[in-house]
Amino acid sequence: MSTMPEAEVFVTLGIDTHKHTHLVVALDQLGRRLDQLEIPTTTAGFVELYAWASELGTIDTVGIEGTGAYGAGLCRWLRERGLVVVEVERPDRKLRRNAGKSDPIDAEAAARKVLSGEATVTPKSGAGNVEMIRVLRLTRRSAVVSRSQVTNQLHALTVTSPPALREQLEGRTTRKRVAIAAKFRPGDEPDTVLAATRYAMKKLALRFRALDAEIKDLDRQLTRLVTTTAPKVVALRGVGIHTTATLLVTAGDNAERLRSEGAFARLTGTAPMPASSGQTDRFRLSRGGDRQANAALHLIAVNRLLCDPRSKAYVKKRTGGTKANLDILRRLKRYTARELYPLIVEALTEAEPDLVPAA
């Protein structure tokens with residue numbers, strides 16, 4: 001009597017990520033729940049997950065919540081081993097009201113979204129030049145915010161300072177105030193309001209200079225990385241280092257995330273959306289997507305209105321003058337996204353690191 005061979009089991013994993021532990025639920029190709037496992041967020045935990053899932057069958061796809069946060073390390077580790085990883089959004093409120101909320105429920109929901117084809121987004125690999133640009137931009141942004149706070153505090157102290165000190169600093173630029181305040185000699189133990197104010201201003205001036213030097217150093221590193229990663233983008237008229245860096249970070253290290261020019265437009269909030277009503281037939285740009293990338297495209301469009309002959313000619317053709325309205329700016333942003341898309345994909349493809357399956 002012959003026996004039918006056992007069918008191969010293809011395992012789909014859903015992972016609910018947290019700071020110290022991850023909860024994993026495994027489903028087979030028919031959607032049947034196989035098992036669940038809780039692992040620590042360590043390399044040993046990742047190895048345990050891989051061995052456990054391999055015993056259940058052939059690992060097909062892994063769906064992870066929070067690939068840009070607590071799940072970033074696990075996502076990178078799994079991709080390095082050649083596994084297909086999909087980014088899964090957190091369950092919506094309606095599903096949580098109906099099904100309840102727990103780590104196993106969320107992990108199973110993630111696996112079922114992958115199995116049904118609802119979750120298809122490729123997560124950022126976080127393993128190349130773009131990830132380096134992202135962490136440097138993050139540090140630079142916090143330094144810029146801190147420098148702005150110091151500037152505001154120095155201005156506030158100037159307004160409320162004793163008359164002699166206020167007259168010395170009022171009406172001067174921020175950098176001139178910093179230069180003057182840095183030379184104050186209030187002593188180690190100020191004993192008057194004037195001396196204490198000078199002491200505080202000196203500390204702020206020194207802090208401003210330290211933050212200014214930090215920002216310049218970060219700008220130097222960003223310039224090096226961005227020009228190396230996307231030289232053709234930086235070379236375009238009206239496009240700078242920081243706008244290019246923003247668009248690269250939005251796109252991610254792996255070019256396969258940008259499946260089409262339309263997908264890039266949706267990602268940057270420049271895809272046309274119908275906004276017709278009654279006898280009015282019009283389109284507007286999408287209000288979704290990455291708002292920082294949208295702001296970068298807006299800045300590029302504004303810069304091109306000042307220095308790009310094509311943009312100036314377009315404004316003149318549309319309005320008969322030189323002043324652009326909001327509708328023209330939206331059109332320029334859409335055109336800019338269409339122009340930059342192939343250059344960004346080319347840059348990411350050339351810079352993408354090879355992910356070789358590890359033993």
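This report walks through the aromatic ring contacts in the structure above, which is a predicted model.

The structure holds three aromatic pairs. In one of them, the planes of Tyr50 and Trp77 stand at 80 degrees with 6.2 Å between the ring centres, so this pair is edge-to-face. Tyr50 sits in helix H1 (residues 43-56) and Trp77 in helix H2 (residues 72-80), so the contact links distant parts of the chain, 27 residues apart. If you look around these two rings, you will also find Phe46: ring pairs join Phe46, Tyr50 and Trp77 into a cluster. Trp77 has a charged neighbour as well, since Arg81 lies over the face of its ring, 3.8 Å from the ring centre.

Further along the chain, Phe264 and Tyr341 make a tilted pair, with 6.0 Å from centre to centre and 40 degrees between the planes. Phe264 belongs to helix H11 (residues 261-267) and Tyr341 to helix H14 (residues 326-351), so this pair ties together parts that are 77 residues apart in sequence.

How buried or exposed are these four residues? The table gives the relative accessible area for each.

| Residue | Relative accessible area | Class |
|---|---|---|
| Tyr50 | 32% | partly exposed |
| Trp77 | 10% | buried |
| Phe264 | 0% | buried |
| Tyr341 | 14% | buried |

Tyr341 counts as buried at 14% because the cut-off for buried is under 20% relative accessible area.

One more ring is worth a look: the charged end of Arg198 sits over the ring of Phe184, 4.6 Å from its centre.

Note on methods. Residues are numbered from 1 along each chain as its sequence is written. This is a predicted model: local features need pLDDT of at least 70, side-chain atom pairs count only at pLDDT 80 or more; totals for chains, interfaces and linings use all residues. Side-chain values use heavy atoms; hydrogens and water are left out. Rings of Phe, Tyr and Trp (its six-membered ring) pair if their centres lie within 6.5 Å; planes under 30 degrees apart count as stacked, over 60 as edge-to-face and the rest as tilted. Helices (H or I, at least four residues) and strands (E, at least two) are DSSP runs, numbered from the N terminus. Buried means under 20% relative accessible area, exposed over 50%, partly exposed in between (1.4 Å probe, protein chains only). A charge sits over a ring if NZ of Lys or CZ of Arg is within 6 Å of the ring centre and within 35 degrees of the ring normal.
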